[in-house]
Amino acid sequence: MATLNHFSRGLRSAALALLVATATATVAAHRRRSQEARLQERQLELEELAIRRKALAHQQRMQWELLARAIDDPSLAAVIDTYDKSIPVERRRQFFYANAWYVHLFHLHRAGILDREELYRHLREFFQSPVFREYWEASQHMRASLNDSSEEAQLGYMVDGLVRDLDEADTDEWWVVGEPPAD
């Protein structure tokens, strides 16, 4: 009987050790699969981000190409020209070019190449140009049609504030006017 109890205890210990080993292996395999799944998910997110950035770059190239054609050919510009017709054609062409610069800076910001503060500093410089200021005023009706919560509308509000600050500044040192927003 003592031999049977000793054998039984040994069998229980072996079964318990086997159970612990199996549970440990199962937990380790589950962790490994979870980690692999997280890595695969992250890889997919990065691939999706790369695809979006590539599409954004393509869209920006297409927009520039279309706008360049409109700048070069007034008959094509007529298709997208919503500026006041009392503005001379040459000035409206300059507005298209100013818009191209504005959109370029917007896309640099959207792509993460410029943060809001850098974007603000670039725009502050652009608004030293009377033509750029005139463009901004003439395109106000276009911005009015944007969804207020859109990134583009929010940027427009920031720029409107910058223009007000520049107009109200009592200094010729335009590069210090306004408070660049933090991201």
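Patches are built from residues that have over 30% relative accessible area and no salt bridge, like charges being joined within 9 Å and nonpolar side chains (Val, Leu, Ile, Met, Phe, Trp, Tyr) within 5 Å. The model is predicted, so local features need pLDDT of at least 70 and side-chain atom pairs count only at pLDDT 80 or more, while totals for chains, interfaces and linings use all residues. Residues are numbered from 1 along each chain as its sequence is written, and side-chain values use heavy atoms, with hydrogens and water left out.

**Exercise 1. Find the residues that make the nonpolar surface patch of about 300 Å², and place V20 within the fold.**

Solution. The patch is made by L16, L19 and V20, and its area is about 300 Å²; accessible areas come from the Shrake-Rupley method with a 1.4 Å probe, and for residues only the protein chains shown count as cover. Next, V20 is found in helix α1, which covers residues 2–72; helices (H or I, at least four residues) are DSSP runs, numbered from the N terminus. Finally, V20 has a relative accessibility of 47% and therefore counts as partly exposed, given that buried means under 20% relative accessible area, exposed over 50%, and partly exposed in between (1.4 Å probe, protein chains only).

**Exercise 2. Determine how R42 and E45 are paired, and where both lie.**

Solution. The side chains of R42 and E45 meet in a salt bridge, with 3.5 Å from N to O; the term stands for a side-chain nitrogen of Lys or Arg within 4 Å of a carboxyl oxygen of Asp or Glu. Side chains of opposite charge can pair when their charged atoms come close. Both R42 and E45 lie in helix α1, three residues apart, which is about one turn of the helix. As for exposure, R42 is partly exposed with a relative accessible area of 46%, and E45 is partly exposed as well, with 39%. By the salt-bridge rule, the count comes to eleven salt bridges.

**Exercise 3. Trace the salt-bridge network to which K85 belongs, and decide whether K85 and D81 are buried or exposed.**

Solution. Begin with the pair itself: K85 forms a salt bridge with D81, and the closest N and O atoms are 3.7 Å apart. The accessibilities of the two partners then have to be read separately, since K85 counts as exposed at 54%, whereas D81 counts as buried at 10%. Lastly, D81, K85 and R92 are linked in a network of salt bridges.

**Exercise 4. Work out which helices are tied together by the salt bridge between R110 and E151.**

Solution. R110 forms a salt bridge with E151, the closest N and O atoms being 3.4 Å apart. Because R110 lies in helix α3 and E151 in helix α7 (residues 151–168), the pair ties together parts that are 41 residues apart in sequence. Each partner is partly exposed, R110 with a relative accessible area of 43% and E151 with 35%.

**Exercise 5. Describe how helix α4 is oriented towards α3 and towards α7.**

Solution. Helix α3 (residues 89–110) and helix α4 (residues 116–126) pack at an angle of about 170°, with their axes 10 Å apart; axes are lines fitted to C-alpha atoms, for helices over the stretch in contact, and angles run from 0 to 180 degrees between N-to-C directions. That angle makes α3 roughly antiparallel to α4, because angles under 35 degrees count as roughly parallel, over 145 as roughly antiparallel, 65 to 115 as roughly perpendicular and the rest as oblique. The second pair is treated in the same manner: the axes of α4 and α7 come within 11 Å and cross at roughly 50°, which makes α4 oblique to α7.

**Exercise 6. State how far L119 is from R69, and E168 from I71, in sequence and in space.**

Solution. L119 lies in helix α4 and counts as buried at 0% relative accessibility. L119 and R69 are 50 residues apart in sequence and 26 Å apart in space, C-alpha to C-alpha. E168, by contrast, has its place in helix α7 and counts as exposed at 59% relative accessibility. The C-alpha atoms of E168 and I71, which are 97 residues apart along the chain, are separated by 33 Å.

Technical notes. Helices (H or I, at least four residues) and strands (E, at least two) are DSSP runs, numbered from the N terminus.
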